Amino acid sequence: MNRQLNENRITALYCRLSQDDGREGESNSIVNQKALINEYARKNRFKNLQFFVDDGYSGTTFDRPAFRKMEQMIENGEIGTVIVKDMSRLGRNYLQVGMYTDIVFPENDVRFIAINDNVDSAVQTEFDMTPIRNFCNELYARDTAKKIKSTFKMKGESGKHLTTKPPFGYVKDKDDKDKWLIDPPAAKVVCKIFKLCIGGLGPMQISKQLRNEEILTPKAYQYQCQGKLYEGNPIAWDHKMVSRILETPEYLGHTVNFKTSTRNYKSKKRIQNPPEKQMIFKDTHPAIVSEADYDTVQKIRANKRKPTATGKMSLLSGKVFCADCGGKLQYSTTSYFDATKDFFTCVNYRSNMGTCSAHFIRNVTLYNMVFAHIKKMLAYVQQFEEAFVRDQMDRMHKILAMSISKAKVDVVTLKRRDEDLNTLFKRLYEDMVAGRLSSERFDLLSAEYEQEQKEVKAKIAELEDLIENGETKTRDLKQLLANVRKYTDPQELTPELLNDLVDKIIVHAPDKSSGHRKQKIEIYYNAVGIINLPTVTEDDCIALHGRCKGKKKAG
């Protein structure tokens, strides 16, 4: 490339700073880098100067906006020289830094200068220290990442919040940055989203309603609180935003640490940790959502309802299951159907090609049978609440009381044995070091103790789950009673009523042995399962609603 053309090209002055670099002090600040590079370029009479700045980006990755823009301009032949403060500003991954300095820059006729490291690709040196510097920069990044990870681990295990930004609905206490307080306007929106979900709306429908009501998105609300101008659409809610809010356990008042991790210090992609690797600290801040509402929403989310091609959905979708194969019953409709023609069939049927029978039942019939049973259940429990509670508690007591009592004793014994095993390990090791025990004998005994300790820990976890399950059932029964009291004389089956009371609905295959089509359903109520009431038949539906007349044969 001729000299005149090279002089017309841009001199790129590149600056980068990450949070980790900022800890080193002012020397690496963007202001300091700019001043140093600009002064160097001026003294050496470089022309067409243009700054490229990545503030807040790690050197272990090259996926930085300003760097990518500079890279594109290099490939387009627009840049003739790249100047940085030192090699670590270009990056801390020695392989990728080497790729740019040894291949990308030379192939595009780009001169590279690192001021403080005395690196200038236009000047030939007898012994090039650049690869060694790059490797040292990467070692520094690796060591820094290890220290930060260790600090975060200690902080997370102590129960302090690891996230720097509280979820929408909370703000940091001005006097104590580790403490979260409820932000009333935002918390009101969070409660609204949970109530709309319980009321039968999915994330897309909820986001549409929030847009219609012109409610600010979390980011737009944050800008408003900070007195900043938000340039995007302030009410651009989408289903992903709503889903994230519905799946945030922090709204229960709990701190959940180590929810995500990275594969290594170079990767910035977050991966979800399994539950056993997460740590939950309960009641660390005020709750916005009740445990009952949160649990109800998680059940709804676990059985997501998918709209049909026509856009129609059944209120019962997601709660109806096959009695024989356990699969879901799929809601079916067409634009030609009126409401009485819509129906459910087993997903494993598929026109006699699957592993199960159809279990066909009309949506309107199922709706009326479920509603009739719920009305009877409400009337029964409200009239005989004391007897109902006594019966349920007796049943739970028979099933759980003895096992829970024994489990609590066993847990104490097993934990004591776990401590004893730790002591035995130490003694074995000391005996081996002192020569009182051969290494072969140590390996044999330690393997036996290690296997026993593994089994002890697994048994402790199993028993603690049993104890927690028993306590949860008692709490859930109290919540069911609270929900029953809410509905004295419902006139229709609403999503909120259904979700508050019903866990799942089991549909059996129709029985035609008597010459008449009969079909049994079982309703499992939250916390208590099946409640034995007088059998609900289609005749009950006719008496209550009149909408099934003439439809008995259709199911």
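Is His359 buried or exposed? In this predicted model, His359 has a relative accessible area of 1%, under the 20% cut-off, and is therefore buried. His359 sits in the loop between β14 and β15, the latter being residues 361–362. Its phi is near 55 degrees, a positive value in a residue that is not glycine. Most residues other than glycine have a negative phi.

Asp109 is a second non-glycine residue with a positive phi, again near 55 degrees. The loop that holds Asp109 runs between α6 (94–107) and β4 (111–114). With a relative accessibility of 37%, Asp109 counts as partly exposed.

These two loops belong to a chain of 17 helices and 18 strands. Of its 555 residues, 40% are buried. When contacts between residues at least 6 apart in sequence are taken, 64% of them join residues at least 24 apart.

The interior comes next. The largest nonpolar core has 37 residues, and Leu366 and Leu501 are those with the most contacts inside it. Both helices and strands give two or more residues to this core: α13 (363–383), α15 (439–486) and α16 (495–501) on the helical side, and β12 (320–322), β13 (329–332), β14 (343–346), β16 (502–507) and β17 (521–525) among the strands. Helix α13 gives the most, with 9 residues.

Leu501 shows which parts of the chain meet here. Setting aside neighbours within four places in sequence, Leu501 is in contact with Ile374, Met377, Leu378, Leu480, Asn483, Val484, Tyr525 and Asn526. Apart from this core lies another, of 26 residues, which includes Ala186, Ile215, Tyr251 and Ile288.

Val370, in helix α13, offers another view of the interior. Its relative accessibility is 0%, so Val370 counts as buried. Beyond the residues up to four places away in sequence, Val370 touches Leu493, Leu498, Ile505, Ile521 and Ile523. Leu316 is 54 residues from Val370 in sequence, and the C-alpha atoms of the two are 9.3 Å apart.

Elsewhere in the chain, helix α9 (residues 203–212) can be followed through its contacts with two other helices. One partner is helix α8 (residues 184–198): the two axes come within 10 Å and cross at roughly 135 degrees. The two helices are therefore oblique to each other, and their crossing is right-handed. From α8, the residues Lys192, Ile193, Leu196 and Cys197 meet Ile206, Gln209 and Leu210 of α9. Sorted by class, this contact has 5 nonpolar, 1 polar and 1 charged residues.

The other partner is helix α11 (residues 239–246). What is the angle at which α9 and α11 pack? It is about 110 degrees, and the axes are 8 Å apart. Angles of 65 to 115 degrees count as roughly perpendicular, so α9 is roughly perpendicular to α11. On the α9 side, Pro203, Met204, Ile206, Ser207 and Leu210 take part, meeting His239, Val242 and Ser243 in α11. By class, this contact has 5 nonpolar, 3 polar and no charged residues. Ile206 and Leu210 of α9 appear in the contact with α8 and also in the contact with α11.

Notes: Residues numbered from 1 in each chain as written. Predicted model: local features only at pLDDT ≥ 70, side-chain atom pairs only at ≥ 80, totals over all residues. Heavy atoms only, no water. Axes fitted to C-alpha atoms, helices over the stretch in contact; angles between N-to-C directions. Helix = DSSP H or I, 4+ residues; strand = E, 2+ residues; numbered from the N terminus. Parallel < 35°, antiparallel > 145°, perpendicular 65-115°, else oblique. Left-handed = near helix turned anticlockwise from the far one by under 90°. Contact = heavy atoms within 4.5 Å. Nonpolar A, V, L, I, M, F, W, Y, C, P; charged D, E, K, R; others polar. Core = buried A, V, L, I, M, F, W, Y, C linked by side-chain atoms within 4.5 Å. Buried < 20%, exposed > 50% of the residue type's maximum accessible area, 1.4 Å probe, protein only.
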